[in-house]
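Me: Please take a close look at one part of this model for me. I would like to see how the surface, the buried parts and the charged pairs fit around it. Keep the sentences short.

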Amino acid sequence: MSQAEWAGPGRIPGARRQSPLWAFGLLRSELVTTLRRWRTLALLAVLAAVPILVGIAVKMETGDGSGSGGRGGDGGPAFIAQITNNGLFLVFTALAVTLPFFLPMAVGVIAGDAIAGEANSGTLRYLLVAPAGRTRLLLVKYATTMAFCLIATLVVAVSALAMGALLFPLGGLTTISGTRISLADGLGRALLIALVVAASLIGLAALGLFVSTLTNSGIAAMATTVGLVITVQILDQIPQLHALQPYVFPHYWLSFADLMRDPVYWDDLVRNLGLQALYAAVFGSAAWARFTTKDVTA
Amino acid sequence: MAPYESDGSTPAGEAEDVRDGRRTAARYVVPVAVVGVAAATIGLVPAFAGSGDPDLPKISAQQLIEKIAKSDVQQMSGTMKISTDLGLPNLGGLESSLASGALSQGGGDKGGSAADPSSKLLELASGTHTLRIAADGQDKQKISLIEKAAEYSVIRSGDQVWAYDSASNQAYHATGAGDDKGAKAAPEDMPTTPKDFAAEALKAADKTTSVTVDGTAQVAGRDAYKLLIKPRQSGTTVGAISIAVDAKTGLPLKFTLTPASGGAAVVDAGFTQVSFTRPAASTFDFTPPKGTKVTQGDDLKDGSKARTHGAEKPAWGDGKAPHGPEKTAPGTEPRTIGEGWNSIVVLDTGSKGGMPSDTSSKDGAVAGFLGSLGDHVKGKFGSGTVFSTRLVNALMTDDGKVYAGAVTKDALVKAADAGK
């Protein structure tokens, strides 16, 4: 089915030739609109505050910098014991802290708002009048959401790195396998970890987008998406469901820590990315099926 | 007319609705198809991967064992998966508190460090774990236990032995070939490499055992022979032991122990990935990061001893925890009765009342809890409690004797009767 049919009366002959550029313009305007919203800025501010809080808490608890090694193995989030020795570990701790809830919540808000928010405020029909077609509009919305995933993760990482550099010493670091790597290598791994964390969210972004096409209420879509994140994470903790757990999207989220092993342990990382791609394909196409055929009345 | 396409008020509205419905259904086929393809891939790929048993020249059991004995793999690295299903109730955190309780008794204080190898061994006694192994010659070895967002490594480089627990940022250090039993014991007591497993199993091979070559298999992408070891005696809980041996190097790649009662393997340890190239030299270099709490091996000597003891029988070793070291002290050397697969270890703890409920409050609670896990049995010997797992059973009589072995409950009672 050609999407031209769905492009509405505004379609003019030859529009297809200019469309790639046009879609890029649409993407840029979408990104700017999304990022300029107070809501988005507030979310990013919350995300930036988390590593600051963690950093101050660790600094206060350890006082003069005497090691926090006394904490047992499973007290607190991953990597927290190493922060006092190397500020770079604050990046990993902050990502481990924000990944289960703060980041998905922010992504859920943006993704849930993507279509339903437009419908809610009555602007969706104007977007559809433009000669872009629904498929392309959906792709732009998804690209915007994914860009937000990356920006949100980078905000956490950069804020954590700044805080870590400010409060704690930086330098060569010890991987969790016990080998030493240089600071440059460590920064490279931190960037890689941020990218993997951002990629961990694309499955959720697709899910949120699909939910967003189901309703005309932005709030309902956001609440559903965030609720799903929480529900699924609870399911992931129930031992009786272990047969199901490898297929729920947050199951391998913490696998980003495997990048800090030496040599890197790829198995779970690959599984995580594969699972995210699968969720993106399933819910992305479901969103497409829904959005290209639904009645847009608002 | 995108926004208004099925406005219903148009004359052709009804026909369009039907068409739209079909179109919607047709488009939903896409996500459903993606799910279908993914499910098929997940379901079928392992089936295909496991289907091709390699075609290798025939070989006798004798030759295969020689191959293992001759195996001289100096440089290798790999990932292995160990699944242990002893049929223990899921103790959760209690398991580790029991372990630390047992260990700290030796020193009389909580001398344990999270990096102490002993505190990690009980973890291996249940569940599935991923280990990474690297070796470069006789002097350099490393074993890492992959944990969630953390790793526990034991690194040996010459006479230096380090254990590093990244979760708590603690290290354990021991020096000297004689002194390093704390850390080095880890691979020895609790066989963690397939090679150790095989050596242990083959030691038991005598007239009580049938050893055959049972076809071939693919393990970690390598062609392997399967050595099947089966007890000829009855009364043991061991069903069969299967060892996959790399056809080229003779290195055991996979070890599976199935119980006589059937069901899933009790122990299933095997490489999922293996390489025979020299691991990077930095793998074996360890300097504790700044701020790491380092425990010297000597501080923990008592602890290590206690652990060595417990690790031999991880299944029921915890049961002895409440007794304390002074009771298990001199004159209670464990004896072995029976032979081959039916050997039973007898331990006289000397404490009346088998399950002491009179010890200090915490220990008493633990003992009471353990008592509730066992079955009470009566026989000519008196009465006692049987703790059973899928592999090892232990009988603790009320007069303080412990009979344990990879044998059935009846065999334990018989042994206790005979010992009376």
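Reply: In this predicted model, chain B exposes about 19600 Å². Carbon and sulfur atoms supply 56% of that area. Chain B has 420 residues, and 47% of them count as buried. It contains 10 helices and 18 strands. Take its contacts with a separation of 6 or more: residues 24 or more positions apart account for 58% of them.

Two of those strands make a good place to zoom in. Strand E7 of chain B covers residues 209–219. Strand E8 of chain B covers residues 222–231. The two run antiparallel, and 9 bridges join them. In one facing pair, B:Thr216 stands opposite B:Tyr225 in E8(B). Together E7(B) and E8(B) form a hairpin with 2 residues between them. Look at the turn: B:Ala220 sits there with a positive phi of about 50°.

Now turn to chain A. Chain A has 10 helices and 2 strands. Along the sequence, the pattern reads α-α-α-α-α-α-β-β-α-α-α-α. Chain A exposes about 12300 Å², and carbon and sulfur atoms supply 69% of this. Of its 298 residues, 52% count as buried. For contacts in chain A with a separation of 6 or more, residues 24 or more positions apart account for 77%.

Next, a note from a record. An unreviewed UniProt entry lists residues 38–58, 88–111, 145–170 and 190–211 of chain A as "transmembrane region". Check two of these stretches against the model. Residues 38–58 of chain A are 100% helix and 0% strand, with the end C-alpha atoms 30 Å apart. Residues 190–211 of chain A are 95% helix and 0% strand, and there the end C-alpha atoms are 32 Å apart.

One proline deserves a stop. A:Pro51 is found in helix H2 of chain A, which spans residues 38–62. A:Pro51 counts as buried because its relative accessibility is 0%, and the cut-off for buried is under 20%. What touches this proline? Set aside the neighbours within four places in sequence. A:Pro51 is then in contact with A:Leu90, A:Ala94, A:Val156, A:Ser159, A:Ala160 and A:Met163. A:Val158 is 107 residues from A:Pro51 along the chain, yet their C-alpha atoms are separated by 9.3 Å.

A:Val158 also leads to the surface. It helps make a nonpolar surface patch of about 710 Å². The other members are A:Leu150, A:Leu154, A:Leu191, A:Leu192, A:Leu195, A:Trp266 and A:Val270. Three helices of chain A each supply at least two residues of this patch: H6 (134–167), H7 (183–200) and H10 (266–291). Pick out A:Leu192, which lies in helix H7 of chain A. A:Leu192 counts as partly exposed because its relative accessibility is 39%, and that class runs from 20% to 50%.

Charged pairs come last. Over all chains, the whole structure holds 13 salt bridges. Start with A:Asp258 and A:Arg261. They form a salt bridge, with the closest N and O atoms 2.9 Å apart. Both A:Asp258 and A:Arg261 are buried. A:Arg261 also forms a salt bridge with B:Glu151, and here the closest N and O atoms are 2.8 Å apart. This pair crosses between chains. On one side, A:Arg261 sits in the loop between helix H9 (218–235) and H10 of chain A. On the other, B:Glu151 sits in strand E4 (residues 150–157) of chain B. A:Arg261 is buried, since its relative accessible area is 1%. B:Glu151 is buried too, with a relative accessible area of 1%.

Chain B has a pair of its own to show. B:Asp85 forms a salt bridge with B:Arg390, the closest N and O atoms being 2.9 Å apart. The pair links distant parts of the chain, 305 residues apart. B:Asp85 lies in the loop between strand E1 (75–84) and helix H3 (93–107) of chain B. B:Arg390 lies in the loop between strand E16 (382–388) and strand E17 (393–397) of chain B. B:Asp85 counts as partly exposed because its relative accessibility is 33%. Back in chain A, salt bridges that share partners join A:Glu30, A:Glu118 and A:Lys141 into one network.

Methods. Residues numbered from 1 in each chain as written. Chains lettered and ligands numbered in written order. Predicted model: local features only at pLDDT ≥ 70, side-chain atom pairs only at ≥ 80, totals over all residues. Heavy atoms only, no water. Patch = residues over 30% accessible without salt bridge, like charges linked within 9 Å, V, L, I, M, F, W, Y side chains within 5 Å. Areas by Shrake-Rupley, 256 points an atom, 1.4 Å probe, with all protein chains shown as cover. Salt bridge = Lys/Arg side-chain N within 4 Å of Asp/Glu carboxyl O. Helix = DSSP H or I, 4+ residues; strand = E, 2+ residues; numbered from the N terminus. Buried < 20%, exposed > 50% of the residue type's maximum accessible area, 1.4 Å probe, protein only. UniProt positions renumbered as here; feature names shortened; annotations may be inferred. Pairing = 2+ DSSP bridges. Contact = heavy atoms within 4.5 Å.
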